[in-house]
Amino acid sequence: LATHSASKDPSERIKWPVATLMDIADLPAGLSRTSDAAICIRPVPTTVTEWLEMLDLRDLPEGRFILQAGKVAECVEDLFVQAGNAPSSELSWLCEDLSRQAECLSAPAGETILRLRVERITNNACSKFHVDNVVSRLICTYRGPGTQVAFAGSEANVLTVPMGMPILLKGKRWSSASPVQLHHRSPPIEGTGIIRLMTVLEAVTEQDLIPNYDRAYHNLNSL
């Protein structure tokens, strides 16, 4: 994990409230009284990263859907195909990877309904450190620099999540007596020519839906 520090003392060590795990399925269990985030440390196939890097901006999909966890892979494939990409082994890996992330979120939450966002980003997006108004949020950056985290009120030290490593973050609605210490933001890339491809997953209830903004994938009957 890449840490950027404003401290002049190279010996300084920061105790980040972050759990590092090797399996996507273990991410929810990584959130605890002492951990505000959990990161899956895993390799991404080189063929997948090279394929995504070769795509033009117009070939990268965007979308926001409410759907069942079991439909995430199908939805992601549809988005890429609609953007002009042919089915491939690399796309299959990406769809399966996001399906595993969806499964890990839906089981502990007791929900089968998720919100999926797929975003292509060329600006600073959410540039201020913040905590989302959700229970938890799972973010994975498949192209470009990953999400940045820092302690509340301090930007002197920033931890950048490597590309391809999913991070599960506590939100404001996380059931805990103590406030969330770790805030996050999108990395500042505006004007650099960098393109990011980021996905976001979160469990939702009917009360969480935003009319005229959340779109049901395949006319989800339960909503």
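This is a chat about a predicted model, going through its sheet, its cores, one helix, its aromatic pairs and its cysteines.

Colleague: Let's start with the sheet. What order do the strands come in?

Modeller: The order is β2-β3-β9-β6-β11-β5-β4-β12. That's an open sheet of eight strands, and the pairing is mixed.

Colleague: Which strands stand at the edges?

Modeller: β2 and β12 (215–216) do. Each has a single partner strand, so one side of each is left without a neighbour in the sheet.

Colleague: Remind me, what do strands of a sheet pair through?

Modeller: Backbone hydrogen bonds, and the strands can be parallel or antiparallel.

Colleague: OK, take β5. How many bridges does it share with β4?

Modeller: Six bridges join β5 to strand β4 (residues 63–68), and the two run antiparallel. In that pairing, arginine 117 of β5 has arginine 64 opposite it.

Colleague: And with β11, how many bridges?

Modeller: Eight bridges, between β5 and strand β11 (residues 196–203), again in the antiparallel sense. There, leucine 116 stands opposite leucine 201.

Colleague: How many residues of β5 are buried?

Modeller: Seven of the nine residues in strand β5 (residues 113–121) are buried, so the strand is largely enclosed by the rest of the structure. Valine 118 is found in this strand, and at 4% relative accessibility it counts as buried.

Colleague: What does valine 118 touch?

Modeller: Leaving out residues up to four places away in sequence, valine 118 touches Pro61, Glu62, Gly63, Leu79, Leu197, Met198 and Thr199.

Colleague: And leucine 116, what is that in contact with?

Modeller: Not counting neighbours within four places in sequence, leucine 116 is in contact with Gly63, Arg64, Phe65, Leu67, Val72, Cys75, Val76, Val200 and Leu201.

Colleague: Back to the sheet for a sec. How do β3 and β9 pair?

Modeller: Strand β3 (residues 37–40) and strand β9 (residues 167–170) pair in the antiparallel sense over three bridges. Alanine 37 has leucine 169 in β9 as its bridge partner.

Colleague: New topic: cores. How many residues does the largest nonpolar core have?

Modeller: It has 39 residues. Those with the most contacts inside it are Leu27, Leu52, Val72, Phe80, Leu116, Tyr142 and Leu201. Helix α4 (residues 89–109) gives the largest share of this core, eight residues. There's also a second, separate core of 16 residues, which includes Ala37, Leu159, Ile167 and Met198.

Colleague: What do nonpolar side chains tend to do in general?

Modeller: In soluble globular proteins they tend to be buried together.

Colleague: Let's look at helix α3. Which residues are buried there?

Modeller: In α3 (residues 72–82), Val72, Cys75, Val76, Leu79 and Phe80 are buried. They cover an arc of only 130° around the axis, which puts them on the same side of α3.

Colleague: What's glycine 84 doing just after α3?

Modeller: Glycine 84 takes a positive phi of about 105°.

Colleague: How many aromatic pairs are there?

Modeller: A search of the whole structure finds three. In one of them, tryptophan 16 and phenylalanine 151 have ring centres 5.3 Å apart and planes at 10°, so that pair is stacked. Tryptophan 16 lies in the loop between β1 (2–5) and β2 (18–21), while phenylalanine 151 is in strand β7 (residues 148–151), so the pair ties together parts that are 135 residues apart in sequence.

Colleague: Are those two buried or exposed?

Modeller: Tryptophan 16 counts as buried at 14% relative accessibility. Phenylalanine 151 is partly exposed, with a relative accessible area of 25%.

Colleague: What about tryptophan 51 and phenylalanine 80?

Modeller: Their ring centres are 5.5 Å apart and the planes are at 35°, so this pair is tilted. Tryptophan 51 is in helix α2 (residues 46–54) and phenylalanine 80 is in helix α3, 29 residues apart. Both are buried.

Colleague: Last one, cysteines. How many disulfides does the count come to?

Modeller: Zero.

Colleague: Why no bond for cysteine 75?

Modeller: Because the closest cysteine sulfur, in cysteine 95, is 9.2 Å from the sulfur of cysteine 75, too far for a bond; the cut-off for a disulfide is 2.5 Å. Cysteine 75 also counts as buried, at 1% relative accessibility.

Colleague: And how far is the closest cysteine sulfur from cysteine 104?

Modeller: That sulfur is in cysteine 40, 8.9 Å from the sulfur of cysteine 104, too far for a bond. Cysteine 104 counts as buried at 7% relative accessibility.

Notes: Residues are numbered from 1 along each chain as its sequence is written. This is a predicted model: local features need pLDDT of at least 70, side-chain atom pairs count only at pLDDT 80 or more; totals for chains, interfaces and linings use all residues. Side-chain values use heavy atoms; hydrogens and water are left out. Buried means under 20% relative accessible area, exposed over 50%, partly exposed in between (1.4 Å probe, protein chains only). Helices (H or I, at least four residues) and strands (E, at least two) are DSSP runs, numbered from the N terminus. The arc is that of the directions from the helix axis to the C-beta atoms. Rings of Phe, Tyr and Trp (its six-membered ring) pair if their centres lie within 6.5 Å; planes under 30 degrees apart count as stacked, over 60 as edge-to-face and the rest as tilted. A nonpolar core is a set of buried Ala, Val, Leu, Ile, Met, Phe, Trp, Tyr and Cys residues joined through side-chain atoms within 4.5 Å. Contact means heavy atoms within 4.5 Å. Two strands pair if DSSP finds at least two bridges between them.
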